[in-house]
Amino acid sequence: MVTNATSASACPPPMKPTSNGVFQGDNPLDFALSMAILQICLVFVVTRGLAYIIRPLRQPRVIAEIVGGILLGPSALGRNKSYLNAVFPSKSLIVLDTLANIGLLFFLFLAGLELDPRSLRQTGKQTLAIAIAGINIPFALGIGSSFALKETIAKGVNGTAFLVFMGVALSITAFPVLARILAELKLLTTNVGRMAMSAAAVNDIAAWILLALAVALSSDSESPLVSLWVFLCGCGFVICSIIIVPPIFKRITQRCNEGEPVDEIYICATLVVVLAAGFVTDAIGIHAMFGAFVVGVMIPKDGPFTSALVEKVEDLVSGIFLPLFFVSSGLKTNVFTIHGLQSWGILALVIFTACFGKIVGTIVVSLFCKVPLKEALALGFLMNSKGLVELIVLNIGKDRKVLNDQTFAIMVLMAVYHIHYHSSCHGCV
């Protein structure tokens with residue numbers, strides 16, 4: 001009986017979807033739909049309010065969204081248990097995380113739409129060398145710093161998966177972030193812009209492959225064959241996507257005429273394909289976002305179809321769903337788990353390692369490839385674009401229990417630093 005009572009208190013019953021209203025004695029906060037609406041409205045008000053406050057400081061909205069998530073979580077307002085249990089009770093977090101992951105899935109789909117595989121074929125040896133250096137050097141340094149974390153604040157974690165997650169988190173270049181920076185600075189058509197985009201595309205593909213490997217290695221199964229099967233099935237999914245997706249969407253693109261509205265059935269069918277691809281990769285044992293990203297990459301970029309797709313999906317994803325992802329991250333982040341000189345020293349080490357590996361590695365290889373010094377410096381800073389994609393990697397690591405609370409908090413603060421650093425460096429580039 002004691003065991004049953006303990007189990008009941010530890011696992012609250014699932015929330016019903018809708019209430020009968022306060023006049024019939026129901027508390028709307030006890031029901032999933034009402035709670036989700038309240039959380040979405042609260043997130044929107046807090047993040048947009050913070051964005052308005054920090055706008056004079058020339059900080060991007062994503063800073064407000066991440067900081068807003070941390071403020072709403074256990075680091076600030078969440079220290080009041082009454083507030084946390086009323087607005088973000090543990091039984092409601094499944095719904096919030098599901099909505100956040102749907103937003104993340106479609107964000108990665110949009111990121112894939114921005115990446116044109118043809119640019120990879122046109123990548124010269126010079127750009128390829130810069131891309132390889134831009135991922136190998138920080139990846140090696142990330143693995144090196146992970147040993148320091150394993151000996152101090154990350155004892156008992158899955159060793160191999162932890163090393164790969166840390167290497168990916170420190171070496172990845174956020175292609176969608178970089179694309180927006182170059183567009184804002186009007187550098188997309190310049191030599192530096194083309195080199196940066198091509199190098200980042202190669203870097204991004206390599207990093208997502210490594211992340212897929214890390215996810216496969218983080219399996220709860222002790223058998224190495226399980227990780228091998230997950231990885232091989234992931235490769236099979238990519239090969240099938242290369243064969244199946246482009247011809248289908250090429251026909252759809254040909255049916256969409258310039259200047260005419262795109263048929264709704266094509267948009268809806270595409271979104272269903274994205275969800276189906278997410279389901280397949282999730283069933284394989286890789287995160288659902290990989291399937292969405294691969295579909296986005298495979299869709300032909302010619303014609304009005306792609307731009308119409310982005311226009312219809314982007315506002316909802318970036319305006320409503322993506323902020324939920326940041327808040328979900330904030331609710332998992334407790335800054336107060338970082339205490340003592342050792343932890344803050346590790347935070348400084350991780351930030352230094354991430355920046356040093358990317359910037360210095362890219363600059364040195366660029367100069368070796370006879371890129372002018374000014375362009376080499378610009379490439380070094382541009383290739384260090386991370387932030388948002390870094391958070392995606394960290395959340396996967398946290399969900400897979402590869403990163404503990406303290407390591408996750410340190411890495412989230414590093415991501416915040418990176419985003420602030422990007423916005424501060426725009427003028428320098």
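# Exercises on aromatic pairs and a nonpolar patch

A search of the whole structure, which is a predicted model, finds 3 aromatic pairs. The exercises below begin with two of these pairs.

**Exercise 1.** Determine how the rings of Y83 and F88 are arranged, and whether each residue is buried or exposed.

*Solution.* A pair of aromatic rings is described by the distance of the centres and the angle of the planes. For Y83 and F88, the centres are 6.3 Å apart and the planes stand at 70 degrees. Planes over 60 degrees apart count as edge-to-face, so the pair of Y83 and F88 is edge-to-face. The next step concerns accessibility. Residues under 20% relative accessible area are buried. Y83 has 18% relative accessibility and therefore counts as buried; F88, at 3%, also counts as buried.

**Exercise 2.** Classify the pair formed by F352 and F356, and locate both residues in the secondary structure.

*Solution.* The ring centres of F352 and F356 are 5.4 Å apart, with the planes at 25 degrees. Planes under 30 degrees apart count as stacked, so this pair is stacked. Both residues belong to helix α15, where they are 4 residues apart, about one turn of the helix. Their accessibility is then assigned: F352 is exposed because its relative accessible area is 53%, which lies over the 50% limit. F356 has 39% relative accessibility and so counts as partly exposed.

**Exercise 3.** Identify the nonpolar surface patch to which F352 and F356 belong, and state which element gives the most residues to this patch.

*Solution.* The patch consists of I137, L141, F352, F356, V360 and V364, which together have about 490 Å² of accessible area on the surface. Two elements, α7 (125-152) and α15 (340-368), give two or more residues to the patch. The greatest contribution comes from α15, with 4 residues. V364, for instance, is placed in helix α15.

**Exercise 4.** Establish whether S343 is buried or exposed, and list its contacts beyond four places in sequence.

*Solution.* S343 is located in helix α15. Its relative accessibility is 2%, and S343 therefore counts as buried. When neighbours within four places in sequence are left aside, S343 is in contact with I153, I338, Q406 and I410.

**Exercise 5.** State which rings have R79 and K398 over their faces, and give the distance in each case.

*Solution.* R79 lies over the face of F336, at 4.0 Å from the ring centre. K398 lies over the face of F408, at 5.9 Å from the ring centre. The latter value falls within the 6 Å limit for a charge over a ring.

How values were computed:
Residues numbered from 1 in each chain as written. Predicted model: local features only at pLDDT ≥ 70, side-chain atom pairs only at ≥ 80, totals over all residues. Heavy atoms only, no water. Patch = residues over 30% accessible without salt bridge, like charges linked within 9 Å, V, L, I, M, F, W, Y side chains within 5 Å. Areas by Shrake-Rupley, 256 points an atom, 1.4 Å probe, with all protein chains shown as cover. Salt bridge = Lys/Arg side-chain N within 4 Å of Asp/Glu carboxyl O. Phe/Tyr/Trp six-rings, centres within 6.5 Å; stacked < 30°, edge-to-face > 60°. Buried < 20%, exposed > 50% of the residue type's maximum accessible area, 1.4 Å probe, protein only. Lys NZ or Arg CZ within 6 Å of the ring centre and 35° of its normal. Contact = heavy atoms within 4.5 Å.
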